[in-house]
Amino acid sequence: MSIPDTGIAELRRRLGRSLFARVAGPEGERHRARIHDTPGPRWFAPERPIRTVHADAAMYTGGLSALLLQSLHPRAMAAVAAHSGYRGDPWGRLQRTSYFLAVTTYGTAEDAEHAVDRVRSVHERVRGVTAAGLDYHAGDPHLLEWVHTAEAYCFLRAHRLYGAAPLSDADYDAYVADTAEVAGALGALDPPRDVAALRARLKAYRPELRATPEAREAARFLLLRPPLPLAVRGPYAILAANAVALLPSWARAMLWLPRLPLVETAGVRPAGRILTRAIRWASSPPSED
């Protein structure tokens with residue numbers, strides 16, 4: 001017995017609304033209208049690669065992978081553990097991050113600048129000392145550059161593997177250059193501007209990285225104890241497995257995350273592609289079919 005087209009369209013709308021509400025929060029519809037409907041100049045023109053990458057459902061996998069990779073810098077992780085409230089309010093943190101990405105990618109230049117100013121103001125207040133006695137400051141350009149490098153690396157890898165239409169090498173270089181503009185506005189002094197520089201910068205940070213107890217606790221929370229209803233734990237497990245698979249092998253080893261190449265090739269990545277297509281389907285208006 002087949003489901004009528006009207007039933008499929010309604011299911012799609014319900015899934016899309018539910019997903020959007022989780023990611024964008026109670027102010028999501030208002031924010032979306034302002035970001036996309038307010039006239040004025042933007043930081044990035046419609047044809048820029050950053051708009052393509054950040055609009056794709058592959059961002060879900062890339063975002064989770066980025067959190068895991070970012071946690072490996074002890075000073076950055078100490079700031080997150082002490083000040084972000086990711087355990088007590090993980091959805092709020094996700095919604096604030098998704099808004100920042102959306103407004104700087106698609107919003108007016110004025111709104112993007114206001115969003116950057118707010119984040120810089122928050123970063124200025126986030127200071128402390130790690131368990132090992134190291135000072136940290138969220139506004140430190142070196143830490144900002146690390147957070148940006150890890151994020152851009154994971155977003156790019158996710159799009160290459162799971163994006164609806166992978167870009168050319170030149171466009172991926174342009175994507176890194178686009179994201180460098182946002183990182184520079186936040187206070188990073190010398191963000192990488194092409195893929196080769198991005199990989200080199202990631203390698204340059206490796207001597208500073210290690211999996212602290214806070215990093216491993218964050219990984220357990222993100223991968224094993226997410227605050228989700230039972231009905232979506234299965235899809236989330238697929239998302240989490242693919243996020244882990246995106247990580248460099250050395251990062252996985254630090255976090256004690258297993259690497260099973262045959263399982264990943266035969267099972268994890270195909271399941272990830274199916275899940276990403278399902279998210280993309282649910283997130284697109286039925287009229288686009």
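This is a short tutorial dialogue on reading helix packing, an aromatic pair and buried residues in a predicted model.

Biologist: Let's start with helices. At what angle do the axes of α8 and α10 cross?

Modeller: For two helices, we look at how their axes approach and cross. Here helix α8, residues 141-162, and helix α10, residues 195-205, have axes that come within 10 Å and cross at roughly 125°. The two helices are therefore oblique to each other. Their crossing is left-handed.

Biologist: Which residues in α8 and α10 meet?

Modeller: On the α8 side you'll find His-142, Glu-145, Trp-146, Thr-149, Ala-152, Tyr-153, Leu-156 and Arg-160. Facing them from α10 are Val-195, Leu-198, Arg-199, Arg-201, Leu-202 and Tyr-205. By character, the residues of this contact divide into eight nonpolar, two polar and four charged.

Biologist: Now the rings, please. How many aromatic pairs does a search of the whole structure find?

Modeller: The general idea first: a pair of aromatic rings is described by the distance of the centres and the angle of the planes. In this model, a search of the whole structure finds one aromatic pair. It is formed by Trp-146 and Tyr-205, with ring centres 5.3 Å apart and planes at 50°. Planes from 30 to 60 degrees apart count as tilted, so this pair is tilted.

Biologist: Where in the chain do Trp-146 and Tyr-205 sit?

Modeller: Trp-146 belongs to helix α8 and Tyr-205 to helix α10, so the pair links distant parts of the chain, 59 residues apart. Both residues also appear in the helix contact we just went through.

Biologist: Are Trp-146 and Tyr-205 buried or exposed?

Modeller: Trp-146 is buried, and Tyr-205 is buried too.

Biologist: Let's try a loop residue. Is Thr-212 buried or exposed?

Modeller: For burial, we read the relative accessible area, and under 20% counts as buried. Thr-212 has a value of 9%, so this residue is buried. Thr-212 lies in the loop between α10 and α11, the latter spanning 213-224. Setting aside neighbours within four places in sequence, Thr-212 is in contact with Pro-74 and Met-77.

Biologist: And a helix residue: what is the relative accessible area of Ala-243?

Modeller: Ala-243, in helix α12 (residues 233-246), has a relative accessible area of 0%, so Ala-243 is buried.

Biologist: Which residues does Ala-243 touch, not counting those up to four places away in sequence?

Modeller: Ala-243 touches Thr-61, Leu-64 and Ser-65. The C-alpha atoms of Ala-243 and Leu-68 are separated by 8.4 Å, while these two residues are 175 residues apart along the chain.

How values were computed. Residues are numbered from 1 along each chain as its sequence is written. This is a predicted model: local features need pLDDT of at least 70, side-chain atom pairs count only at pLDDT 80 or more; totals for chains, interfaces and linings use all residues. Side-chain values use heavy atoms; hydrogens and water are left out. Axes are lines fitted to C-alpha atoms, for helices over the stretch in contact, and angles run from 0 to 180 degrees between N-to-C directions. Helices (H or I, at least four residues) and strands (E, at least two) are DSSP runs, numbered from the N terminus. Angles under 35 degrees count as roughly parallel, over 145 as roughly antiparallel, 65 to 115 as roughly perpendicular and the rest as oblique. A crossing is left-handed if the near helix is turned anticlockwise from the far one by less than a right angle, and right-handed if clockwise. Contact means heavy atoms within 4.5 Å. Ala, Val, Leu, Ile, Met, Phe, Trp, Tyr, Cys and Pro count as nonpolar, Asp, Glu, Lys and Arg as charged, and the others, Gly among them, as polar. Rings of Phe, Tyr and Trp (its six-membered ring) pair if their centres lie within 6.5 Å; planes under 30 degrees apart count as stacked, over 60 as edge-to-face and the rest as tilted. Buried means under 20% relative accessible area, exposed over 50%, partly exposed in between (1.4 Å probe, protein chains only).
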